[in-house]
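Visitor: I should be grateful for a close look at the largest nonpolar core of this model and at the parts around it. Which residues of that core touch the most other members?

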Amino acid sequence: MVIELPAELKAKLVKILENVARDINLHSLAIISKDGRNIAFWSAQSDVDPDLMSAISAAMLSMGEQTVNRLKEGQLWEVIVHGSQGFTVMTKAGESLLLIGAGTQLPNLGLVVRLLREAGRTISDILS
């Protein structure tokens with residue numbers, strides 16, 4: 001499910017996603033609500049499904065929150081999944097939104113996380 005925003009605001013968010021994705025070499029980046037609704041999406045690949053990315057984010061969030069709660073690790077900051085052919089990083093974009101990015105090369109995880117956190121704060125400021 002897609003949340004409709006004014007066209008100008010959505011274009012601004014998509015431009016932010018595109019710039020962040022290019023800065024850290026991601027092939028897809030999305031702003032998602034915590035319940036899995038798509039807010040804004042950018043991808044350099046035509047075969048990435050924004051609805052699937054949204055649904056995956058809700059599952060990742062649930063698993064991450066269960067993990068930090070059961071292990072008493074405090075507040076969830078990021079969920080990182082790193083496979084043999086790519087990675088996905090999800091971080092907060094305010095209180096009720098998530099920023100999820102996917103790529104195939106992960107040269108510097110710290111840089112990816114830092115830039116996604118900064119983008120999350122920027123997105124949160126724009127939408128509040």
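Guide: Among the 23 residues of the largest nonpolar core, those that touch the most other members are L17, L29, I31, L99, L116 and I123. A nonpolar core is here a set of buried Ala, Val, Leu, Ile, Met, Phe, Trp, Tyr and Cys residues joined through side-chain atoms within 4.5 Å; buried means under 20% relative accessible area, exposed over 50%, and partly exposed in between, with a 1.4 Å probe and protein chains only. At least two residues of this core come from each of α1 (7-23), β1 (28-33), β2 (38-43), β4 (86-92), β5 (97-103) and α3 (109-127). The largest contribution is that of α3, with six residues. Helices (H or I, at least four residues) and strands (E, at least two) are DSSP runs, numbered from the N terminus.

The model is a predicted one, in which local features need pLDDT of at least 70 and side-chain atom pairs count only at pLDDT 80 or more, while totals for chains, interfaces and linings use all residues. Residues are numbered from 1 along each chain as its sequence is written, and side-chain values use heavy atoms, with hydrogens and water left out.

I123 illustrates the packing of the core: residues up to four places away in sequence not counted, I123 touches L13, I16, L17, I31, A93 and L99, contact meaning heavy atoms within 4.5 Å. A second, separate core has 14 residues, including A30, V48, M90 and L98.

Helix α3 also holds A119, which is buried at a relative accessible area of 6%. Beyond its neighbours within four places in sequence, A119 is in contact with V20 and L99. The C-alpha atoms of A119 and K72 are 27 Å apart, with these positions 47 residues apart along the chain.

The second largest pocket, of about 150 Å³, is lined by W77, E78, T91, K92, A93, G94, R117, G120 and R121. β4 and α3 are the elements that give two or more residues to this lining, and α3 gives the most, with three. By class, the lining has two nonpolar, three polar and four charged residues; Ala, Val, Leu, Ile, Met, Phe, Trp, Tyr, Cys and Pro count as nonpolar, Asp, Glu, Lys and Arg as charged, and the others, Gly among them, as polar. A pocket is an open set of points on a 1 Å grid over the protein atoms alone, where a 1.4 Å probe fits, with protein on both sides within 12 Å along at least five of seven lines; lining residues have an atom within 4 Å of a point. Grid points are joined across faces, edges and corners, and a volume is the space filled by probe spheres set on the points.

Strand β4 is joined to β3 (residues 78-83) by six bridges, and the two run antiparallel; strands pair if DSSP finds at least two bridges between them. They form a hairpin with two residues between them, and V81 stands opposite T88 in β4.

T88 is also one of the residues lining the largest pocket, together with H27, S28, V48, D49, L52, M53, I56, M60, I100 and A102. This pocket holds about 190 Å³ of space. Its lining has seven nonpolar, three polar and one charged residues, and α2 gives the most, with four.

Helix α2 (residues 50-70) contains S54, which is buried at a relative accessible area of 1%. Residues up to four places away in sequence not counted, S54 touches I32, G36, R37 and N38.
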